[in-house]
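Please look over the model shown here. The report below walks through some of its features.

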Amino acid sequence: MTAHRYRPPHDFGLGGVAIGNEFEFATDEQAEATLAAAWDAGVRYFDVSPWYGLGLAERRFGRFLARKPRSEFVISSKVGKLLRASRDNDAKTYYPFTTSPNTPHFDYTADGVLRSIEDSLQRLGLDRLDIVFVHDLSPDNHYLPDDWNALWPIAEKGAFPALTRLRDEGVIDGWGMGVNCPQPILRCLETANSDVHLLASQYSLIDHANAVEQVFPKAREKGVSFVVGSSLNAGFLGGEPRYNYGPENSIIPPDKRDKLKQLREIAGHHGVDLVAAALQFSLAPDVSAAIVVGTAKPLHMLADHAALQAKIPGAFWEELRSQGILHPDAAAPPGAA
């Protein structure tokens, strides 16, 4: 058994997707209010990326966090994409609601990683990142300039050793993959010396079997943990008309709609808030170090944070398991069956 590596010290965080205008336009004032609500509620973990709004989320998070004591919070960002500003930028192709002047360029080399971190720190106005995720080097990413398998050796020889060196030198605390699919994480666990990975779309009440059967056992062998970013499937479990991410996430597969209906019926029978159940479920596994929720709405932020304290009867989890919604080996929250 490999010794456990860096694990985020806070189990709840605010993610930057919505504050980067992924789903709809949010004003600077709205973003500031959401960050302030999170901070006042005690949230001290924040996850961003150059990708979120093509620099917009990092600028907004940085404007707020640069005024806070650096020792009091943990922040993660991502590498793999460099942003270049120009008057003929292609930003709206990727983010229709962004105000960014940037076009992304994929780069998984060692030099690209160092440049990406430096650029992120400039946008954030901070002196360091705690966690760095290698972003979107994954089979579902259709924006990649080549097949992800063809780009993998570049990261294996460039990004991975560069991040390992930065960690060993104390520049960052930990690193891992930040992806929507399990294949890159499993491959990284075999070929690199990582610490913590971001499960962007891989662990929720709707979809968790592969994580339970394949990803989590391998993670335990390697001593790594996860930040779960898919608790609500991009808001789907909370009633939003989308499932996960991507340009076609508003086209929701019938099986997902059917499972949501079933979950709502069981939650209603037990008087359970489905959002609270979904968030607590994602935090339950021993390898789950933290969950992050993405919103640009202060009240949503506060409700999600409070949902972790909601009491959920064991009978609710028992019924989910008996109905085959919960995998037989999936962890239920403490105190549940």
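A residue counts as buried when its relative accessible area is under 20%. The model is predicted. With that cut-off, start at helix α11, residues 298–307, where the buried residues are M301, D304 and A307. These span an arc of only 130° around the axis, so they sit on the same side of α11. An α-helix has 3.6 residues a turn, so residues three or four places apart point the same way. What do the buried residues of α11 pack against? Their partners are β1, α1, α10 (274–283) and β10.

**Strand β10**

Strand β10 covers residues 288–294, and six of its seven residues are buried, so the rest of the structure largely encloses β10. Which strands pair with β10? One is β1 (residues 12–15), which runs parallel to β10 and is joined to it by four bridges. Within this pairing, F12 has I291 as its bridge partner in β10. Another is β9, which pairs with β10 in the parallel sense over three bridges. There, V227 is bridged to A290 of β10.

**Helix α6**

Helix α6 runs over residues 159–168 and is mostly covered, with seven of its ten residues buried. Those buried residues are A159, F160, A162, L163, T164, L166 and R167. Their cover includes the strands β3 (74–79), β6 (131–135) and β7 (174–179). It also includes the helices α4 (110–124) and α5 (148–157). After α6 comes G170, with a positive phi near 85°.

**Positive phi outside glycine**

Most residues other than glycine have a negative phi, and most peptide bonds are trans. Two residues here have a positive phi without being glycine. L54 has a phi of about 55°, and A234 has one near 60°. L54 is in the loop between β2 (45–47) and α2 (56–65). A234 is in the loop between β9 (225–228) and α9 (254–270). Are they buried or exposed? L54 has a relative accessible area of 0%, so it is buried. A234 has a relative accessible area of 11%, so A234 is buried as well.

**Aromatic rings**

A pair of aromatic rings is described by the distance of the centres and the angle of the planes. How many aromatic pairs does a search of the whole structure find? The search finds 19. Two of them are set out below.

| Pair | Distance of centres | Angle of planes | Type |
|---|---|---|---|
| W39 and F64 | 6.4 Å | 70° | edge-to-face |
| W152 and F160 | 5.3 Å | 75° | edge-to-face |

Planes over 60 degrees apart count as edge-to-face. W39 lies in helix α1 (residues 28–40) and F64 in helix α2, so the pair ties together parts that are 25 residues apart in sequence. W39 and F64 are both buried. W152 and F160 are buried too. F160 also belongs to the buried set of α6.

Some rings group further. Y203, F216, F226, F281, F316 and W317 form one aromatic cluster.

Charges sit over rings as well. R44 lies over the face of W39, at 3.6 Å from the ring centre. R187 lies over the face of W148, at 5.4 Å from the ring centre.

**Around E72**

Where is E72 placed? E72 is in the loop between α2 and β3. Its relative accessible area is 40%, so E72 is partly exposed. E72 and R44 are 28 residues apart in sequence, yet their C-alpha atoms are 6.9 Å apart in space. Setting aside neighbours within four places in sequence, E72 is in contact with H10, W39 and R44. R44 and W39 are thus met again here: they form the charge-over-ring arrangement described above.

**H197**

H197 belongs to strand β8 (residues 196–199). Its relative accessible area is 0%, so H197 is buried. What does the side chain of H197 reach at 2.8 Å? It reaches the backbone nitrogen of M177. Beyond its neighbours within four places in sequence, H197 has contacts that include F133, G176, M177, I185 and C188. L189, V224, S225, F226 and V227 are also in contact with H197. Two of these have appeared already: F226 is in the aromatic cluster, and V227 is the bridge partner of A290.

Note on methods:
Residues are numbered from 1 along each chain as its sequence is written. This is a predicted model: local features need pLDDT of at least 70, side-chain atom pairs count only at pLDDT 80 or more; totals for chains, interfaces and linings use all residues. Side-chain values use heavy atoms; hydrogens and water are left out. Buried means under 20% relative accessible area, exposed over 50%, partly exposed in between (1.4 Å probe, protein chains only). Two strands pair if DSSP finds at least two bridges between them. Rings of Phe, Tyr and Trp (its six-membered ring) pair if their centres lie within 6.5 Å; planes under 30 degrees apart count as stacked, over 60 as edge-to-face and the rest as tilted. A charge sits over a ring if NZ of Lys or CZ of Arg is within 6 Å of the ring centre and within 35 degrees of the ring normal. The arc is that of the directions from the helix axis to the C-beta atoms. Contact means heavy atoms within 4.5 Å. A polar contact is a pair of N or O atoms within 3.5 Å; within protein, one must be able to donate a hydrogen and the other to accept it, and residues adjacent in sequence count only if both atoms are side-chain atoms.
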